[in-house]
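Me: Hi! Could you walk me through the structure below, one question at a time?

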Amino acid sequence: MPPENLPFALDETQGSIDLGVGAVLLRGFARARAHGLIAAIGAVAAVSPFRHMVTPGGWKMSVAMTNCGQAGWITDRSGYRYDVVDPATGRRWPEMPAAFAELAAEAAGAAGFGGFRPDACLINRYVPGARLSLHQDRNERDFGQPIVSVSLGLPAIFLWGGKTRADRARRTPLIHGDVVVWGGPDRLAFHGVDTLAAGEHPVTGACRFNLTLRRAL
Ligand code: MD3
Ligand code: FE
C-alpha cells in the first residue's frame, strides 16, 4: 500500500517500468487475478502433468513444465520445438484458459502491442534450487509477435542479457503478479532465471510459476 500522507508517494508494487526498447514490466498487473490463474494452472496440469524435460545435450531441466493452447513447447534429445501433441499423453495439450488469453491481450495492449492473440502457453514451475540458464526464445515462427510473461508465487531474480550470450546480464526481481511484455528489439534478448531461493508464498507455497504466452504457429 502506498503511504497516504505523501502527495507524491510511489507504490513500487504498481505501475510500469521500461526495461529496454520493447520490454515493459507491468508491476502487479496480474495480482488481483492470481487465484484464478493458479486454479487454471492446476486444471491444465491435471490433464498434462508437469514434467522435467531433457535438453538436446542430455541434461534434465530443474524447472518442471507443461503447456496449454494449440501448441506446446517441448525439448528432448532431438531438439527444441513446438508440438500440437503432448508427448507425455499422446493427446493435444489442454485448451488455453480464457483468463490466460485475456490477460495476455490486455498486457500486450498496455505495452503497445494491440491485437495479441496467443496460441501457446508454456507453464514453468520452479521450486527452491531450480534455475533457467541464459537462452533465447526462437522456436516461434514470427519474432514480430511479443511474449507475455506472468510471475506467480515466490519471487525470482530475472537475468536479462543482451544480444549475445557474452553480454553482462542485468538482474531484475520479479514478484507475484508481475507481468512482462517482451517485443520489438528485445524479443531475441538472452534471458534466464537465477536459482530460486527458499521461501513460502501464501498462495503457492514453496513454488514459483511462470506463464509465457506466445504466438508460436
Ligand atoms: C525475454 N521463462 O519460458 S519469463 C521461458 O521466468 C522463460 O520462467 C522465464 O524464459 C521464467 O522461455 C522468464 C520472461 C521472458 C520470457 C520470454 C522472453 C523474457 C523474455 C523472450 C524474449 C526476451
Ligand atoms: Fe525464455
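Me: Is His191 buried or exposed?
Reply: Happy to help! Buried means under 20% relative accessible area, exposed over 50%, and partly exposed in between, with a 1.4 Å probe and protein chains only. His191 has a relative accessible area of 16%, so His191 is buried.

Me: Thanks! What kind of model is this, and how are things numbered?
Reply: Residues are numbered from 1 along each chain as its sequence is written, chains are lettered from A and ligands numbered from 1 in the order in which they are written, and side-chain values use heavy atoms, leaving out hydrogens and water. Local features need pLDDT of at least 70 and side-chain atom pairs count only at pLDDT 80 or more, while totals for chains, interfaces and linings use all residues, for this is a predicted model.

Me: Which residues coordinate the iron ion (ligand 2)?
Reply: Donors are N, O and S atoms within 2.8 Å of the metal (3.2 Å for Na, K and Ca); water is not among the atoms, so sites may look incomplete. In sequence, the donor residues follow the spacing H-x1-D-x53-H. At 2.0 to 2.2 Å, the iron ion (ligand 2) is coordinated by His135 (NE2), Asp137 (OD) and His191 (NE2).

Me: Is Asp137 buried or exposed?
Reply: Let's set it beside another donor. His135 has 21% relative accessibility, so His135 counts as partly exposed. Asp137 has 10% relative accessibility, and therefore Asp137 counts as buried.

Me: With which side chain does the side chain of His191 make a polar contact?
Reply: A polar contact is a pair of N or O atoms within 3.5 Å; within protein, one must be able to donate a hydrogen and the other to accept it, and residues adjacent in sequence count only if both atoms are side-chain atoms. At 3.1 Å, the partner of the His191 side chain is the side chain of Asp137.

Me: How far is an oxygen atom of ligand 1 from an N or O atom in the side chain of Arg208?
Reply: Two other side chains help to set the scene. A polar side-chain atom of Asp137 lies 3.1 Å from an oxygen atom of ligand 1, and a polar side-chain atom of Arg214 also lies 3.1 Å from an oxygen atom of ligand 1. For the side chain of Arg208, the distance is 2.9 Å.

Me: Which strand gives the most to the shell around ligand 1?
Reply: Strands (E, at least two residues) and helices (H or I, at least four) are DSSP runs, numbered from the N terminus. Among the elements that give two or more residues to this shell are strand E8 (120-126) and strand E14 (191-193), and His191 lies in E14. With 4 residues, the one that gives the most is E15.
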